[in-house]
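Reader: I should like to learn how features of a protein model are read from its atoms. Would you take me through a case step by step?

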Amino acid sequence: MKLYWTELRRSPLRWWFPLLLVLDLVALFGRNLWWIGEWPQTSAQAQIPAFYFASLLAAAAAWAAGRTSRNNLDEQLAVAARPGWQIELAQLSATLTYGLVVYGVGVAVAASVSLPTAGPGFLWPTYIFLGVALLVIFASAGHLVGRRSRSQFAGPVLCGLGSLVIISWFGAPTALGLFAISAAPFEQVSLLVLVDHCVLAFLLTVAACLVTRPPSSSVGHTWAGKRRRQLRVISLGALVVSVIAGMVTAGPLQVPRSSPRQPACTSGGSPKVCVWPEDHKYLPQAQEMQDRMRRLPAGMFTIPTVFYERGLRGMRDSYDDFYIMDGSMWDPSVTIAGSIMAASRPKGCPLPIGPRITDQFKQAEAELNVWLAMRIFGGGVPAGMHGGPPNVDLNAVARVVTQPEGAQVEWAQQRIETIHHAFCG
């Protein structure tokens, strides 16, 4: 324990600790704030700083581990009374302590800001452990490389930049799954993938403590000593490679989650809008959307009785349901408008094919869908939203939404007639 406290005092991270705290808070609050009040998204946001810390810890671990070789202390360590792995473990633990403490502060801050507005539940620990595993993996790898390097700068720079490249290029959820970008309530972290990460973190920690630079004297050059080191390196290397191969073949980082028995739904009859219990903070907005749907022109549309958030009816039907993206109800409004359009198609007439799929028909259907979405959303489109269906002028449709009800009905009826003609001739 005395050795561990000594390494804590000698670690360069003690000077960088305040900057790491600032970086953690910037990573938490610098992108957006819509995750506040939603436990799965808060959990994913809390592990985002690990993406940045991992490369910093790798560089710091490499610098600390290389200090022994730079000071020509390999010979002394080889004959020291204390086992070598304890010395290596103390150095690595000191580096990890700074990283994990800062990471833990960020997790606590994220939880505290979500607690007043979030519903039942708490942080999802799988996302938090995902970040911990990421920090341990790269800190251990940095220590391992630094212990084999005598350069004061080459090892840390190589580890820092190399870790950043690996995480950025190969760590995405669709690749090795080293980190999660977001956490929808209908998904959860795959336990198989998380176990692979934890096993890899453990193996690299063992390797960092056991695979050290041999001393130059005859103390470390006996035939038996060489054979032991070779077997140790080969065995650990084979295990690490097999675990990485398992991560590649284990499937996606996030897998479907079982739907709840009782979703959170709007009140007051149909049409209802139902969301996951974790997304209950969106119920007031969903209630407003429900009220706007009831104010649509009578008899013009057939409105389904219930609209579901993705995954509530099982993932097989999920793509017919809406998805709340980045905390905005615009995408749900577009999906709900599409469902209303599909339910309102002329009955007894075949789907338009061939010559009946005219540019006029596609234009009328797209414009009517956007008009419905804007009515349901509450007018216009979110700030920063510039895309839309091809050849549809969002600003022109937004101006229609601001017109009196009679003018809007006339505008919509023209497009409904075009669509009806394409279906029924």
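Author: The dialogue below treats the overall make-up, a sheet, two helices, the enclosed space and a loop. Please note that this is a predicted model.

Reader: Let us begin with the whole chain. How many helices and strands does the secondary structure of the chain come to?

Author: The chain has 15 helices and 5 strands. Buried residues account for 45% of its 425 residues. As for contacts between residues at least 6 apart in sequence, 79% of them join residues at least 24 apart.

Reader: How should I read a sheet, and what is the order of the strands in the open sheet of 3 strands?

Author: In general, the strands of a sheet pair through backbone hydrogen bonds, and the pairing is either parallel or antiparallel. Here the order is β3-β4-β5, and the pairing is mixed. The edge strands, each paired on one side only, are β3 (264-265) and β5 (306-308).

Reader: Which way do β3 and β4 run, parallel or antiparallel?

Author: β3 and β4 run antiparallel and are joined by 2 bridges. In one pairing, Ala264 has Val275 of β4 as its bridge partner. The two strands form a hairpin with 6 residues between them, and Gly268 in the turn has a positive phi of about 95°. The loop between β3 and β4 also contains Pro271. The peptide bond leading from Ser270 to Pro271 is cis, with omega near 0°.

Reader: And how many bridges join strand β4 to β5?

Author: Strand β4 (residues 272-275) is joined to β5 by 3 bridges, and these strands run parallel. Among the partners in β5, Val306 pairs with Lys272, and Phe307 pairs with Val273.

Reader: Turning to helices, how far does helix α7 reach from its first C-alpha to its last?

Author: One compares the end-to-end reach with the value expected from the number of residues. Helix α7 (residues 125-147) has 23 residues and reaches 33 Å, close to the 33 Å expected at 1.5 Å a residue.

Reader: Why can α7 be called largely enclosed by the rest of the structure?

Author: The reason lies in burial: 17 of the 23 residues of α7 are buried, so the helix is largely enclosed by the rest of the structure.

Reader: May we examine a single residue next? Is His197 buried or exposed?

Author: His197 has a relative accessible area of 1%, so it counts as buried, the cut-off being under 20%. His197 belongs to helix α9 (residues 191-210). Apart from neighbours within four places in sequence, His197 is in contact with Leu130, Ala133, Ile137, Leu176, Gly177, Leu178 and Met247.

Reader: How is empty space in a model found, and which residues are the closest to the centre of the second largest pocket?

Author: Rolling a probe the size of a water molecule over the atoms shows where empty space is left. The second largest pocket holds about 370 Å³ of space. Its lining has 19 residues, and the closest to its centre are Ile137, Phe138, Ala141, Ile166 and Leu204.

Reader: Which helices supply the lining of the second largest pocket?

Author: At least two residues of that lining come from each of α7, α8 (154-170), α9 and α10 (223-249). The largest share, 6 residues, is supplied by α7. By class, the lining comprises 15 nonpolar, 3 polar and 1 charged residues.

Reader: How many cavities of 30 Å³ or more does the structure hold?

Author: The structure holds 1 cavity of 30 Å³ or more. The largest cavity has a volume of about 50 Å³. Its lining includes Trp34, Glu38, Asp279, Tyr282 and Tyr323. The lining residues divide into 7 nonpolar, 1 polar and 3 charged.

Reader: Finally, how does one read a contact across the sequence, and which residues does Gly327 touch?

Author: One sets the separation in sequence beside the distance in space. Gly327 and Trp34 are 293 residues apart in sequence, yet 5.2 Å apart in space, C-alpha to C-alpha. Not counting residues up to four places away in sequence, Gly327 touches Trp34 and Tyr282. Both Trp34 and Tyr282 are listed in the lining of the largest cavity. Gly327 lies in the loop between β5 and α12 (330-343).

Reader: What is the phi of Asp326?

Author: Asp326 is found in the loop between β5 and α12. Its phi is near 55°, a positive value in a residue other than glycine.

Key:
Residues are numbered from 1 along each chain as its sequence is written. This is a predicted model: local features need pLDDT of at least 70, side-chain atom pairs count only at pLDDT 80 or more; totals for chains, interfaces and linings use all residues. Side-chain values use heavy atoms; hydrogens and water are left out. On a 1 Å grid over the protein atoms alone, a cavity is a set of points where a 1.4 Å probe fits but cannot get out, and a pocket is an open set with protein on both sides within 12 Å along at least five of seven lines; lining residues have an atom within 4 Å of a point. Grid points are joined across faces, edges and corners, and a volume is the space filled by probe spheres set on the points. Ala, Val, Leu, Ile, Met, Phe, Trp, Tyr, Cys and Pro count as nonpolar, Asp, Glu, Lys and Arg as charged, and the others, Gly among them, as polar. Helices (H or I, at least four residues) and strands (E, at least two) are DSSP runs, numbered from the N terminus. The expected span of a helix is 1.5 Å times one less than its number of residues. Buried means under 20% relative accessible area, exposed over 50%, partly exposed in between (1.4 Å probe, protein chains only). Contact means heavy atoms within 4.5 Å. Two strands pair if DSSP finds at least two bridges between them.
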